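Please examine the structure shown here, with attention to one serine and to the pairing of aromatic rings.

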Amino acid sequence: MSWTELTYWQWTLLCTGGMLIGMAKAGLKGLGLIVVVLLAQVFPAKYSTGLVLLLLMAADLMAVVYYRRDAHWPVVWRLMPPALLGIFLGVWMGESMDDLTFRRVLAWVIIVGLVMIIGMEYRPPSQRVVRHPIVSGLAGLAGGFTTMVGNAAGPVMSLYLLAAQLPKLAFLGTSAWFFLLMNWVKLPFHIWSWRTVSVQSFWIDVFALPFVAIGFFAGIRIIRWIPDKAFRYFVMIVTAIAAVRMLV
């Protein structure tokens, strides 16, 4: 599909999606999953994952530059090995997986996780539990798998980082670096295995890049005014909305 074949409606949603991705990477978590849902409605579902990936990578670079000093690297390194395994698993299963079943299972996992997070607000878990190899391993595996299959790891990783009780800026910096690394690992598979990224899709995304930048800097201005506790609740509410949307 080339840029000359796109309809006005496809262009509109692509540019809107670029803006929402920019805002999500600036810190308004949950908006990225909405983009996945929107673009899958107007493009072939698998093809849309390649379009979203290139926009995410551009926004990742902006987020890493802005939050480069705020990452909590021990969390990143704990998650990386199982996340890589999850990506390989996603590549293997992605083509044969039923989209509807996957979305529903993921949605229920997210909803159950949110209930657990709400409980943690009243009785926070010890950092020993969050750092346990089994807990971090499952979180990383789920994050890698869901980001490969549908660019949908945002809610999964948000739940883990919320459980880790990271301050707002550390949450954003850690998330930015983790997804930058993951999305670059995914790129070769999208080019040569799934063939969802091509020269044509690259040029289509180039037209949406200014909207990614606009969304990112708008998100930066908004996130500055949100206190840490309000930020946590915002992430939980938007994640819950996205999970319900995936169910229906």
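The questions and answers below concern this predicted model.

Q: Is Ser201 buried or exposed?
A: Ser201 belongs to helix α10, which covers residues 199–223. Its relative accessible area is 0%. Buried requires a value under 20%, so Ser201 is buried.

Q: Which backbone nitrogen does the side chain of Ser201 reach?
A: Apart from its neighbours within four places in sequence, Ser201 is in contact with Tyr47, Leu51, Leu54 and Thr196. The polar partner of its side chain lies at 2.8 Å, and this is the backbone nitrogen of Ser198.

Q: How many aromatic pairs are there?
A: Rings pair if their centres lie within 6.5 Å. By this rule the count of aromatic pairs is 10.

Q: What kind of pair do the rings of Tyr66 and Phe216 form?
A: Tyr66 lies in helix α3 (residues 45–67) and Phe216 in helix α10, so their pair ties together parts 150 residues apart in sequence. The ring centres are 6.2 Å apart and the planes stand at 80°. Planes over 60 degrees apart count as edge-to-face, so the pair of Tyr66 and Phe216 is edge-to-face.

Q: Is Phe216 buried or exposed?
A: Phe216 has a relative accessibility of 1%, while Tyr66 is partly exposed at 38%. With the limit for buried set at under 20%, Phe216 counts as buried.

Q: Which residues do ring pairs link into a cluster with Phe216?
A: The rings of Phe216 and Phe217 have centres 5.5 Å apart and planes at 85°, so this pair is edge-to-face. Phe217 is exposed, at 52% relative accessible area. The residues that ring pairs link with Phe216 into a cluster are Tyr66, Tyr67 and Phe217.

How values were computed: Residues are numbered from 1 along each chain as its sequence is written. This is a predicted model: local features need pLDDT of at least 70, side-chain atom pairs count only at pLDDT 80 or more; totals for chains, interfaces and linings use all residues. Side-chain values use heavy atoms; hydrogens and water are left out. Helices (H or I, at least four residues) and strands (E, at least two) are DSSP runs, numbered from the N terminus. Buried means under 20% relative accessible area, exposed over 50%, partly exposed in between (1.4 Å probe, protein chains only). A polar contact is a pair of N or O atoms within 3.5 Å; within protein, one must be able to donate a hydrogen and the other to accept it, and residues adjacent in sequence count only if both atoms are side-chain atoms. Contact means heavy atoms within 4.5 Å. Rings of Phe, Tyr and Trp (its six-membered ring) pair if their centres lie within 6.5 Å; planes under 30 degrees apart count as stacked, over 60 as edge-to-face and the rest as tilted.
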